[in-house]
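I opened the model to look up a few local features and noted them in the order I checked them.

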Amino acid sequence: MPPAAPRSGDAIFASVERVNAELFTLTYGAIVRQLLTDLEEVEEVNKQLDQMGYNIGIRLIDEFLAKSNVSRCVDFKETAEMIAKVGFKMFLGVTASVMNWDADGTCCSIVLEDNPLVDFVELPDTCQGLYYCNILSGVIRGALEMVAMKTEVTWIRDMLRGDDAYELQVKLLKQVPEEYPYKDDE
Amino acid sequence: MQFFGGSEISPSPPVPTATGNNAHMMYVFNRNGVCLLYREWNRPLHTLNPQQDHKLMFGLLFSLKSLTAKMDPTNAEKGNLGIPQLPGLGCSFHSFRTNTYKLSFMETPSGIKFILVTNPRTGDLRETLKYIYNLYVEYVAKNPLYTPGTLIRCELFNTALDQYVRSIA
């Protein structure tokens with residue numbers, strides 16, 4: 001029996017349960033607002049958002065794999081395309097694009113024209129160092145770690161800071177192959 | 001569907017189990033060898049204690065995956081024996097059958113391994129295992145009370161799993 005073909009982001013997005021976009025945006029805004037009140041330091045909030053994203057990412061990957069039915073990607077280029085085209089579409093309903101590949105093929109940028117997290121948001125002067133969507137970088141990092149890739153994800157462009165788009169830089173640090181976990185020979 | 005009890009192969013019609021379950025047992029491992037779930041529906045023969053049993057099962061599958069990938073006659077690129085492989089890379093084996101049982105295996109790219117041991121008459125269980133992966137996602141991955149990498153203690157998952165396994169041919 002031939003394996004089932006992977007489903008496109010649109011098909012899956014149409015079939016999963018969706019939540020109201022405004023509710024999602026406002027809930028995320030409330031979380032960031034509360035974190036700022038609790039932690040006060042903008043750097044701390046950035047770190048906390050990244051950690052939260054990481055915890056989401058390690059669980060999200062299983063849902064992604066189960067619903068999209070993809071087999072393992074051959075190389076990092078395919079991985080980045082998967083994240084941008086299928087992943088973002090499936091979970092946020094927006095499509096991103098991949099550009100700026102470096103010579104090795106280990107570093108690229110994922111560009112989002114449209115970002116549902118930042119609707120209605122404006123950063124005040126007191127929070128200029130804040131990466132409002134830092135949860136996304138954590139999610140990508142967490143998810144990729146569960147498929148044996150250690151990555152570093154940083155924000156290059158942020159519309160809340162005056163740029164024209166949202167750009168995430170995803171850099172592959174190393175691939176961690178599976179090792180036999182039991183050390184003793186029995 | 002039919003179920004073979006015991007170890008003799010006879011032409012007489014097989015006896016259905018009391019619970020109606022067609023599967024013997026099920027294991028779920030993560031990429032670090034931790035046994036996340038072990039369900040037993042019908043297992044008259046126990047040869048090892050649980051820890052040894054889990055270790056043996058994980059080790060067996062780890063080696064089988066490695067072996068099947070290295071012995072692949074169609075794949076041009078072959079690594080040396082002993083070098084660890086990325087999960088899901090290369091060819092992947094999905095079942096083996098003996099005269100008394102069939103073991104079906106599925107590994108996700110995230111390293112979660114699903115093993116289902118059933119009677120030898122069972123057909124291809126790849127779709128079944130995919131469905132069980134979906135159940136895992138719904139009841140375990142999305143469960144905020146579950147810590148990833150630890151033993152699964154979700155009653156809903158166990159119930160859904162039992163119900164589903166009972167229905168497979």
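Before looking at the strands, I fixed the term: two strands pair if DSSP finds at least two bridges between them. I also kept in mind that this is a predicted model.

Entry 1, chain B. I looked up strand β1 of chain B, residues 23-29, and strand β2 of chain B, residues 35-40. They pair in the antiparallel sense over five bridges. Within this pairing I found B:M26 opposite B:R39 of β2(B). I then followed the chain from β1(B) to β2(B): the two form a hairpin, with five residues between them. In the turn, B:G33 has a positive phi of about 85°.

Entry 2, positive phi in chain A. I looked for such values in residues other than glycine. A:N100 has a positive phi of about 55° and is not a glycine. I located A:N100 in the loop between β1 (96-99) and β2 of chain A. A:F120, also not a glycine, has a positive phi near 70°. I placed A:F120 in the loop between β2 and α5 of chain A. Is A:F120 buried or exposed? Its relative accessibility is 62%, so A:F120 counts as exposed.

Entry 3, charge in chain A. Which residues gather in a patch of negative charge on the surface? I listed A:E22, A:E113, A:D114 and A:D119. I picked A:D114 for a further check and found it in the loop between β2 (107-112) and α5 (134-146) of chain A. A:D114 counts as partly exposed because its relative accessibility is 46%, and partly exposed lies between the 20% and 50% cut-offs.

How values were computed: Residues are numbered from 1 along each chain as its sequence is written. Chains are lettered from A and ligands numbered from 1 in the order in which they are written. This is a predicted model: local features need pLDDT of at least 70, side-chain atom pairs count only at pLDDT 80 or more; totals for chains, interfaces and linings use all residues. Side-chain values use heavy atoms; hydrogens and water are left out. Helices (H or I, at least four residues) and strands (E, at least two) are DSSP runs, numbered from the N terminus. Patches are made of residues with over 30% relative accessible area and no salt bridge: like charges are joined within 9 Å, nonpolar side chains (Val, Leu, Ile, Met, Phe, Trp, Tyr) within 5 Å. Accessible areas come from the Shrake-Rupley method with a 1.4 Å probe; for residues, only the protein chains shown count as cover. A salt bridge is a side-chain nitrogen of Lys or Arg within 4 Å of a carboxyl oxygen of Asp or Glu. Lys and Arg count as positive and Asp and Glu as negative; His and the chain ends are not counted. The place of a charge is taken as NZ of Lys, CZ of Arg, CG of Asp or CD of Glu. Buried means under 20% relative accessible area, exposed over 50%, partly exposed in between (1.4 Å probe, protein chains only).
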